[in-house]
Amino acid sequence: MEKYKFYVLTSIPPGTAGGDPVAVARVLIGGDVRSTQVVVIGGGPSGLLLSQLLSRNGVASIVLERQSRAYVQGRIRAGLLEWGTVRLLQEAGVGARMMRDGLLHEGVELAFGEQHHRIDLQALTGRSVLVYGQTEVQRDLAEARAAEPGAVVWEAAEVQLAGWDSKRPTVSYLHEGIRYSIACDFIAGCDGYHGVSRASVPPQHLQQYERAYPFGWLALMADVPPLNDELVYANHERGFALCSMRSSSRSRYYLQCSVQDSVDKWPDERFYRELRARLPRQFAQRLVEGRSLEKSIAPLRSFVVEPMRFGSLFLVGDAAHIVPPTGAKGLNLAAADAGTLAQGLIEFYRTGTRTLIDEYSAHALDRVWKATRFSWWFTSLMHKFSEDAFAHQLQLAELRYLAQSETAARAMAENYVGLAIAA
Ligand code: FAS
Ligand code: PHB
């Protein structure tokens with residue numbers, strides 16, 4: 001028999017009790033209740049970043065994450081931060097380790113056949129990117145939220161949303177055998193592609209756009225020095241390859257593979273042999289092999305849902321959009337959504353105005369579609385789609401054009417480092 005506890009909060013007028021949400025709750029309800037103005041569903045990078053940004057600006061939130069902290073921490077995903085993301089993480093007060101351990105990359109290599117060309121990001125755009133794994137970002141954010149007792153409920157099961165189309169939505173969840181229900185002002189759906197938030201919206205209220213790519217990425221992580229000090233993206237007639245890293249002693253490699261492929265068909269030796277075959281000899285000969293720490297296969301797809309707001313419910317990050325990892329945009333888009341929504345919520349609680357909140361969906365979707373286009377373009381340029389020799393010649397011609405034209409290289413570079421996050 002489930003027991004029930006109710007935390008009921010009213011909409012809190014901006015500025016009450018100096019804006020301190022716990023003091024406000026005590027004033028209004030005369031008890032010591034968990035203070036919540038915003039319920040954040042999902043404790044991945046977007047949920048934790050949003051909660052941290054809100055907290056640093058006096059807005060109370062609670063994060064409900066269905067997995068354990070260790071499980072979320074253990075997921076290996078993105079590796080590259082745009083400068084806009086770096087700035088947001090610094091604004092959130094979690095930039096110290098990132099700036100100490102992150103690797104600043106001012107350029108990136110494009111390889112095709114035996115040729116390769118360095119795109120000088122810094123010279124072309126005045127900006128660079130930072131190599132710093134998503135697992136590290138997750139660790140930094142989870143540690144920051146842990147400093148605020150009760151800010152995150154890990155292993156919150158059966159999260160359910162109600163009244164998202166009203167001004168007083170509620171979110172309920174099961175934790176250690178007790179079902180909790182929280183009334184709040186806003187819900188941020190930061191629960192990823194398979195989350196409950198987007199699924200709670202009746203299909204007739206949303207428009208979904210999707211494109212599946214006819215291949216996946218086979219990933220390998222090993223404690224070996226990277227074969228190059230910057231990333232190498234390779235277009236080859238055998239298929240795409242990417243040489244990335246997590247530090248000067250830990251490499252992350254990717255091979256385009258069939259969506260029907262499986263990791264057990266790829267012993268380390270076969271992986272490294274195929275990687276060498278897809279790289280120019282200059283890079284292949286530098287490859288240091290080592291026992292894999294992790295191997296996985298991920299499908300590639302583009303997905304966007306419109307709008308990203310439904311009344312009091314806002315969709316953030318992978319809950320609203322998925323991009324193929326070619327352009328390294330997934331994590332960066334999620335962080336940008338969190339930054340944009342945080343701005344709107346902070347403005348509301350400080351001034352009572354809803355301008356930025358009302359603009360959130362259009363603002364985020366403008367950025368999402370531009371990143372979706374770039375990720376589609378870069379994926380189309382670098383991967384093998386068929387045995388169509390004509391198509392491969394077109395790809396090689398575009399790569400030679402990128403190598404010869406500063407205009408073409410600048411267009412690629414400004415998308416790769418991240419289009420400015422409009423204020
Ligand atoms: P996330 O999916 O990270 O987090 C959502 C959280 O919500 C999860 O912790 C989940 O447990 C929780 N949740 C889900 N349903 C819930 C419910 N009902 N109740 C409570 N909690 C719930 N991006 C790149 O830029 N580069 C890459 O190389 C790259 N590689 C990737 C590889 C893989 C295998 C995957 C899956 C993604 C990859 N991505 C990459 C994209 C990835 O980094 C995402 O963009 C990023 O994690 C998005 O962050 P969130 O929006 O927070 O979603
Ligand atoms: C990674 O290091 O995991 C990575 C880097 C760049 C990409 C994709 C993945 O485009």
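A polar contact is a pair of N or O atoms within 3.5 Å. The exercises below apply this cut-off and others to a predicted model.

**Exercise 1.** Determine which side chains and which backbone place a polar atom by an oxygen atom of ligand 2.

*Solution.*
1. For Tyr233, a polar side-chain atom is 2.8 Å from an oxygen atom of ligand 2.
2. For Ser244, the corresponding distance from a polar side-chain atom to an oxygen atom of the ligand is 2.6 Å.
3. Thr326 contributes through its backbone: an N or O atom there lies 2.9 Å from an oxygen atom of ligand 2.
4. Of the 280 Å² of accessible area that ligand 2 has on its own, the protein covers 97%.

**Exercise 2.** Describe the shell around ligand 2 by residue class, and state which strand gives the most to it.

*Solution.*
1. The residues around the ligand include Arg77, Trp217, Leu231, Tyr254 and Pro325.
2. Sorted by class, the shell comprises seven nonpolar, three polar and two charged residues.
3. Strand 16 (residues 241-247) gives the most, with three residues.

**Exercise 3.** Establish how helix 12 and helix 13 are oriented to each other, and what residues form their contact.

*Solution.*
1. The axes of helix 12 (residues 389-404) and helix 13 (residues 406-416) come within 5 Å and cross at roughly 100 degrees.
2. Angles of 65 to 115 degrees count as roughly perpendicular; the two helices are therefore roughly perpendicular to each other.
3. On the helix 12 side, Tyr401, Leu402 and Gln404 meet Glu406, Ala408, Ala409 and Met412 of helix 13.
4. By class, this contact has five nonpolar, one polar and one charged residues.

Notes:
Residues numbered from 1 in each chain as written. Chains lettered and ligands numbered in written order. Predicted model: local features only at pLDDT ≥ 70, side-chain atom pairs only at ≥ 80, totals over all residues. Heavy atoms only, no water. Axes fitted to C-alpha atoms, helices over the stretch in contact; angles between N-to-C directions. Helix = DSSP H or I, 4+ residues; strand = E, 2+ residues; numbered from the N terminus. Parallel < 35°, antiparallel > 145°, perpendicular 65-115°, else oblique. Contact = heavy atoms within 4.5 Å. Nonpolar A, V, L, I, M, F, W, Y, C, P; charged D, E, K, R; others polar. Near = heavy atom within 4 Å. Polar contact = N/O pair within 3.5 Å; in protein donor to acceptor, adjacent residues only side chain to side chain. Areas by Shrake-Rupley, 256 points an atom, 1.4 Å probe, with all protein chains shown as cover.
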